[in-house]
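Reader: I should like to examine how the descriptive terms applied to this structure are justified. Please set each term against its definition.

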Amino acid sequence: MDGTATRPRRRLAPKLDAREQATASVTERIYVELKAAIVDGRLPPGAPIDKNDIRRRFNASLSPVTAAISRLGYEKLVVIEPQRGSFVAPIMFDEIVQFMSLRRALEVEAVCEATKSPPPDLTQQLARNLAYQEAARGVSDLNRFYELDVEFHRLIIEASGLWKFNTVLDEVRAHLDRVRLLMLPVRGRMAGTLEEHRDIAAAIGSKKIEKAEAAMRKHLERVDQEFRSFAEANPKLVRKG
């Protein structure tokens, strides 16, 4: 022995065998498809989730189906009731109001920071996004319009340098998305949203922080008020208490 310490060999994470990898891949596909169907309303609140139907559609065993549903249960998009089955979670009024308040606080702060020191290409990025929004509105493409809506707000947060805000909002985005997609088909809503987005972009371009803050706050407070009205008119979709 020469007294030299021997460096311990690093223990590698165990590799998944082909069967485990395939199961993980199927679980992810089932999870993604079910989540999309819940968020865009194809699976409405209270709808039962048929495990056997999912198994047939994905040619899968029960294990990945159960894993995907459990993951959605953890995210509170699915309610799992022992001996009864799994159901799409209701939209909870109090939760959505709080999520909207969180979003408003973060995005108002972000638009102020983005307006104070905007990246050189921000005005061009927002203008391109708004042009695409106009095109989607023109053909009544709700899904595309919504994607561009989300991108518009994400661009502003990224421009602010407060990138962690997007991480925080991503955690509650699915719950907010369910509501926003339900409300978007309301007559005139796409046109109203587009006009409010233009006001926000113009305020950022003017580099007037107070104007940008007011435009973003007006936009998000309008969303909050419309949700409250929607909840009153649709008690079967939005649960209070």
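Author: Let me begin with burial: a residue is buried under 20% relative accessible area, exposed over 50%, and partly exposed in between, with a 1.4 Å probe and protein chains only. The model is predicted, so local features need pLDDT of at least 70 and side-chain atom pairs count only at pLDDT 80 or more, while totals for chains, interfaces and linings use all residues. Residues are numbered from 1 along each chain as its sequence is written, and side-chain values use heavy atoms, with hydrogens and water left out.

Reader: Why is V97 called buried?

Author: V97 has 14% relative accessibility, which lies under 20%, and therefore counts as buried. V97 lies in helix 4; helices are DSSP runs of H or I with at least four residues, strands are runs of E with at least two, and both are numbered from the N terminus. Leaving aside neighbours within four places in sequence, V97 is in contact with F227 and R228, where contact means heavy atoms within 4.5 Å. V97 and L176 are 79 residues apart in sequence and 9.5 Å apart in space, C-alpha to C-alpha.

Reader: What makes Q225 partly exposed?

Author: The relative accessibility of Q225 is 48%, between 20% and 50%, so Q225 counts as partly exposed. Q225 is found in helix 9. From C-alpha to C-alpha, Q225 and V97 are 9.8 Å apart in space, with their positions 128 residues apart in sequence.

Reader: Why are helix 4 and helix 9 called roughly antiparallel?

Author: Their axes cross at roughly 165 degrees and come within 8 Å. Axes are lines fitted to C-alpha atoms, for helices over the stretch in contact, and angles run from 0 to 180 degrees between N-to-C directions. Angles under 35 degrees count as roughly parallel, over 145 as roughly antiparallel, 65 to 115 as roughly perpendicular and the rest as oblique. The angle is over 145, and helix 4 and helix 9 are therefore roughly antiparallel to each other. Helix 4 passes helix 9 in a right-handed crossing; a crossing is right-handed if the near helix is turned clockwise from the far one by less than a right angle, and left-handed if anticlockwise.

Reader: Which classes of residue make up the contact of helix 4 with helix 9?

Author: The residues of this contact divide into 14 nonpolar, 1 polar and 9 charged. Here Ala, Val, Leu, Ile, Met, Phe, Trp, Tyr, Cys and Pro count as nonpolar, Asp, Glu, Lys and Arg as charged, and the others, Gly among them, as polar.

Reader: What makes helix 4 and helix 6 oblique to each other?

Author: The axes of helix 4 (residues 93–116) and helix 6 (residues 142–160) come within 8 Å and cross at roughly 60 degrees. That angle falls in none of the other three ranges, and the two helices are therefore oblique to each other. Helix 4 passes helix 6 in a left-handed crossing. R103, E107, A110, V111, E113 and A114 in helix 4 meet H153, I156, I157, A159 and S160 in helix 6. By class, these residues comprise 6 nonpolar, 2 polar and 3 charged.

Reader: Why is helix 7 called roughly perpendicular to helix 9?

Author: Helix 7 (residues 164–183) and helix 9 (residues 209–233) pack at an angle of about 75 degrees, with their axes 11 Å apart. The angle lies within 65 to 115, which makes helix 7 roughly perpendicular to helix 9. V179, L182 and M183 in helix 7 meet V223, E226, F227 and F230 in helix 9. This contact has 6 nonpolar, no polar and 1 charged residues.

Reader: Which residues touch the most other members of the largest nonpolar core?

Author: Of its 47 residues, I30, V111, L126, I156 and I200 do so. Such a core is a set of buried Ala, Val, Leu, Ile, Met, Phe, Trp, Tyr and Cys residues joined through side-chain atoms within 4.5 Å. Helix 6 gives the most to this core, with 8 residues. Another core, of 15 residues, lies apart from it and has F93, I96, F227 and F230 among its members.

Reader: How do you know that N129 is buried?

Author: N129 has a relative accessible area of 2%, under 20%, and is therefore buried. N129 is found in helix 5 (residues 122–138). Not counting residues up to four places away in sequence, N129 touches L148, E151, F152 and L155.

Reader: What makes N59 exposed?

Author: The relative accessible area of N59 is 75%, which is over 50%, so N59 is exposed. N59 lies in the loop between helix 2 (51–58) and helix 3 (62–74).
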